[in-house]
Amino acid sequence: MSAALVAGLLAGYGIAIPVGAVGTYLVVLTARAGLKIGAYAALGIATADGLYALIAVLGGSNLVSVIQPIAEPLRWVSVAVLLVLAVHIGITGVRNFRDSAKAELTEPAAIGPLKAYVRLLGITLLNPTTVVYFTALVLGSEDMAAASTSEHVVFVIAAFAASASWQLLLASGGAVLGKALTGRRGRLATALTSSALIAVLGIRLI
């Protein structure tokens with residue numbers, strides 16, 4: 001059970017840490033609309049991550065008997081997917097850091113809590129990288145693929161909690177923390193941190 005908890009936390013932080021367009025928008029939205037709106041928006045992002053973790057777990061459980069004969073090749077595919085994601089995030093972070101031309105963010109219009117939640121949920125669900133990431137982790141790990149239902153539940157909840165805690169940290173920091181994390185150096189640091197974490201998760205599958 002503790003292994004599933006740790007795996008879920010690592011997976012959640014691995015996908016949540018890089019501050020991209022959604023994270024930047026979350027910070028700006030919070031600075032303009034207040035912490036309450038930002039918290040709802042943050043939970044919308046975390047819900048999307050949790051849903052994708054659930055989809056990966058359910059899909060992985062149903063496919064275990066089918067993929068057993070090709071478990072070893074699949075493990076290496078999962079490792080490759082995770083390492084490619086890690087490299088992609090790292091390269092993107094470095095490229096953005098080197099790019100001095102930064103597009104100005106449009107100030108978010110007035111928005112209610114529910115609308116903020118739904119909007120950020122929808123935006124995050126449009127990112128296919130998240131479901132690929134979670135599926136690669138679940139199907140590539142013998143422990144997770146063969147885990148019990150309760151362990152799968154713990155994994156999904158832990159992934160959601162990790163994502164929620166990071167998004168709420170961004171929101172609660174508002175403009176002050178946002179300037180540190182969404183600036184050139186902050187975005188580079190979060191991208192490299194996430195890249196390293198995902199790479200470690202991928203290497204562990206070997």
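Visitor: Is L54 buried, partly exposed or exposed?

Guide: Welcome! Keep in mind that this model is predicted. L54 sits in helix α3. Its relative accessibility is 35%, and the label between the cut-offs of 20% and 50% is the one we need. L54 therefore counts as partly exposed.

Visitor: Which helix gives the most to the nonpolar patch?

Guide: Let's start with the members of this surface patch: L51, L54, L58 and L125, with about 300 Å² of accessible area together. Three residues of the patch come from a single helix, the top contributor, and that helix is α3.

Visitor: Is S163 buried or exposed?

Guide: You can find S163 in helix α8, which covers residues 149–182. Buried means under 20% relative accessible area. With a relative accessibility of 0%, S163 therefore counts as buried.

Visitor: Which residue has a side chain joined to that of S163 by a polar contact?

Guide: Good one! Leaving aside neighbours within four places in sequence, S163 is in contact with G12, A16, I45, A46 and D49. A polar contact of 2.6 Å links the side chain of S163 to that of one residue, D49.

Visitor: Which residues touch the most other members of the largest nonpolar core?

Guide: Nonpolar side chains tend to be buried together in soluble globular proteins. Here the largest nonpolar core has 21 residues. Helices α1, α3, α4, α6, α8 and α9 each supply at least two residues of this core. The members touching the most others are Y133, F134, F155 and I198.

Visitor: How many residues are in the second, separate core?

Guide: Among its members are A16, V27, L29 and A42. In total, this separate core has 16 residues.

Key
Residues are numbered from 1 along each chain as its sequence is written. This is a predicted model: local features need pLDDT of at least 70, side-chain atom pairs count only at pLDDT 80 or more; totals for chains, interfaces and linings use all residues. Side-chain values use heavy atoms; hydrogens and water are left out. Helices (H or I, at least four residues) and strands (E, at least two) are DSSP runs, numbered from the N terminus. Buried means under 20% relative accessible area, exposed over 50%, partly exposed in between (1.4 Å probe, protein chains only). A polar contact is a pair of N or O atoms within 3.5 Å; within protein, one must be able to donate a hydrogen and the other to accept it, and residues adjacent in sequence count only if both atoms are side-chain atoms. Contact means heavy atoms within 4.5 Å. A nonpolar core is a set of buried Ala, Val, Leu, Ile, Met, Phe, Trp, Tyr and Cys residues joined through side-chain atoms within 4.5 Å. Patches are made of residues with over 30% relative accessible area and no salt bridge: like charges are joined within 9 Å, nonpolar side chains (Val, Leu, Ile, Met, Phe, Trp, Tyr) within 5 Å. Accessible areas come from the Shrake-Rupley method with a 1.4 Å probe; for residues, only the protein chains shown count as cover. A salt bridge is a side-chain nitrogen of Lys or Arg within 4 Å of a carboxyl oxygen of Asp or Glu.
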